[in-house]
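The following exercises concern the fold, the core, a helix pair and the cysteines of one protein. Please consult the sequence and the structure shown here while working through them.

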Amino acid sequence: MHIPRFMLLIVAVVTMLAACTASETSEFKAEGISPPIPMAASVELQDTVAEAIGAPPPDTGLAEIDFSDPVAAGEIVAERNACSACHSIDGTKLVGPSWLGLFGRTEAMTDGSSLVVDEAYIAESIRNPSLKIVAGYDNAMTPYDFLSDDEINALVEYIKTIQ
């Protein structure tokens, strides 16, 4: 069945909005991907939403991540959560700051302060991105507070290598 791209985006937006208001006990399940996909929906709708947001369908059974190599694990976490939709690894300015050379760089914030990007700042920005906004960017990132500590630490280790 062919569904026009704009319809996929509408379905994805409606699903994301519903997920934002869903309670912890609802039929929404994050499965380590963002945003949650409605598990009570038909398999066809689940697949359509997953395709629209660039996430693996929830019924494909995501393989466990091996955190023994945190950099490789971080690359997998970034891919599964579509981080490259907003953050480039080649210096290109997208919705969010590029990860190229990010670690250790001094960044100016919208409030006039500046900071050196370290592990704590990256982890904080993943969990609660609205706390410190890099100058020149909008407060557009959704909190990824559903990620485990292992996933966030792996992302940090991966970002550190992008030089």
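Among contacts in the protein (heavy atoms within 4.5 Å) between residues at least 6 apart in sequence, 44% join residues at least 24 apart. The model is predicted, so that local features need pLDDT of at least 70 and side-chain atom pairs count only at pLDDT 80 or more, while totals for chains, interfaces and linings use all residues. Residues are numbered from 1 along each chain as its sequence is written, and side-chain values use heavy atoms, with hydrogens and water left out.

**Exercise 1.** Determine the order of the secondary-structure elements and the buried share of the protein.

*Solution.* Helices (H or I, at least four residues) and strands (E, at least two) are DSSP runs, numbered from the N terminus. The protein has five helices and four strands. Their order from the N terminus is α-β-β-α-α-β-β-α-α. Of the 163 residues, 35% count as buried, where buried means under 20% relative accessible area, exposed over 50% and partly exposed in between (1.4 Å probe, protein chains only).

**Exercise 2.** Identify the elements that give two or more residues to the largest nonpolar core.

*Solution.* A nonpolar core is a set of buried Ala, Val, Leu, Ile, Met, Phe, Trp, Tyr and Cys residues joined through side-chain atoms within 4.5 Å. The largest one has 25 residues, and W99, Y121, I122, I126, L147 and L155 have the most contacts inside it. The elements sought are α3 (70-80), α4 (119-127) and α5 (149-161). The largest share, six residues, comes from α5. Leaving aside residues up to four places away in sequence, L155 touches G74, V77, A78, W99, I126 and L147.

**Exercise 3.** Classify the crossing of α3 and α5.

*Solution.* Axes are lines fitted to C-alpha atoms, for helices over the stretch in contact, and angles run from 0 to 180 degrees between N-to-C directions. The two axes come within 7 Å and cross at roughly 105°. Angles under 35 degrees count as roughly parallel, over 145 as roughly antiparallel, 65 to 115 as roughly perpendicular and the rest as oblique. Therefore α3 and α5 are roughly perpendicular to each other. On the α3 side, the contact includes G74, V77 and A78; on the α5 side, it includes A154, L155 and Y158.

**Exercise 4.** Why is C86 not bonded to C83?

*Solution.* A disulfide is a pair of cysteine sulfur atoms within 2.5 Å. By this rule there are zero disulfides. The closest cysteine sulfur to that of C86 is in C83, 8.6 Å away, which is too far for a bond. C83 counts as buried because its relative accessibility is 12%, whereas C86 is partly exposed at 31%.
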